[in-house]
Amino acid sequence: MSLIRRLITDERAATSIEYALVASLISIAIIAGARAVGTALQAKFFGPIASNLT
């Protein structure tokens, strides 16, 4: 019974889950930003090159 009571009152797992959720949201934001920058750079540099080659 003591083990069950200890597991119920333990908050370390909840804290680690919160940190994991925050880290995943930050990584999603970084990936979205990198894709947007990559798309903008591709249009700026490779767009004129591709149109001049055709």
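User: Happy to start with terms: what counts as a helix or a strand here?
Analyst: Helices are DSSP runs of H or I with at least four residues, while strands are runs of E with at least two. By that rule, this predicted model has two helices and zero strands.

User: How do you know whether the protein matches a compact globule of 54 residues?
Analyst: Set the two radii of gyration side by side: a compact globule would come near 10 Å, but the protein has 23 Å. The C-alpha atoms also fill a box of roughly 75 × 15 × 5 Å along the principal axes.

User: What share of the residues counts as buried?
Analyst: That share is 0% of the 54 residues, since buried requires under 20% relative accessible area. The accessible surface comes to about 5,100 Å², with 71% of that belonging to carbon and sulfur atoms.

User: Why is Val37 called partly exposed?
Analyst: Partly exposed lies between the cut-offs of 20% and 50%. Val37 has 49% relative accessibility, so the label applies.

User: What makes Val37 part of a nonpolar patch, and which residues form the patch?
Analyst: A patch residue needs over 30% relative accessible area and no salt bridge, and nonpolar side chains are joined within 5 Å. Val37, at 49%, therefore clears the area cut-off. Its partners in the patch are Leu41, Phe45, Phe46, Ile49 and Leu53, and together the six have about 640 Å² of accessible area.

User: Where is Val37 in the secondary structure?
Analyst: Val37 belongs to helix H2, which covers residues 12–53.

User: How do you know whether the span of H2 agrees with its 42 residues?
Analyst: At 1.5 Å a residue, H2 should span 62 Å, and its end C-alpha atoms are 59 Å apart, so the two agree.

User: Where does H2 bend?
Analyst: At Phe46, by about 40 degrees, with Pro48 following within four residues.

Terms used
Residues numbered from 1 in each chain as written. Predicted model: local features only at pLDDT ≥ 70, side-chain atom pairs only at ≥ 80, totals over all residues. Heavy atoms only, no water. Rg over C-alpha atoms; globule rule 2.2 N^0.38 Å. Buried < 20%, exposed > 50% of the residue type's maximum accessible area, 1.4 Å probe, protein only. Areas by Shrake-Rupley, 256 points an atom, 1.4 Å probe, with all protein chains shown as cover. Patch = residues over 30% accessible without salt bridge, like charges linked within 9 Å, V, L, I, M, F, W, Y side chains within 5 Å. Salt bridge = Lys/Arg side-chain N within 4 Å of Asp/Glu carboxyl O. Expected span 1.5 Å × (residues − 1). Bend = angle between axes of the 7 residues up to and from the residue.
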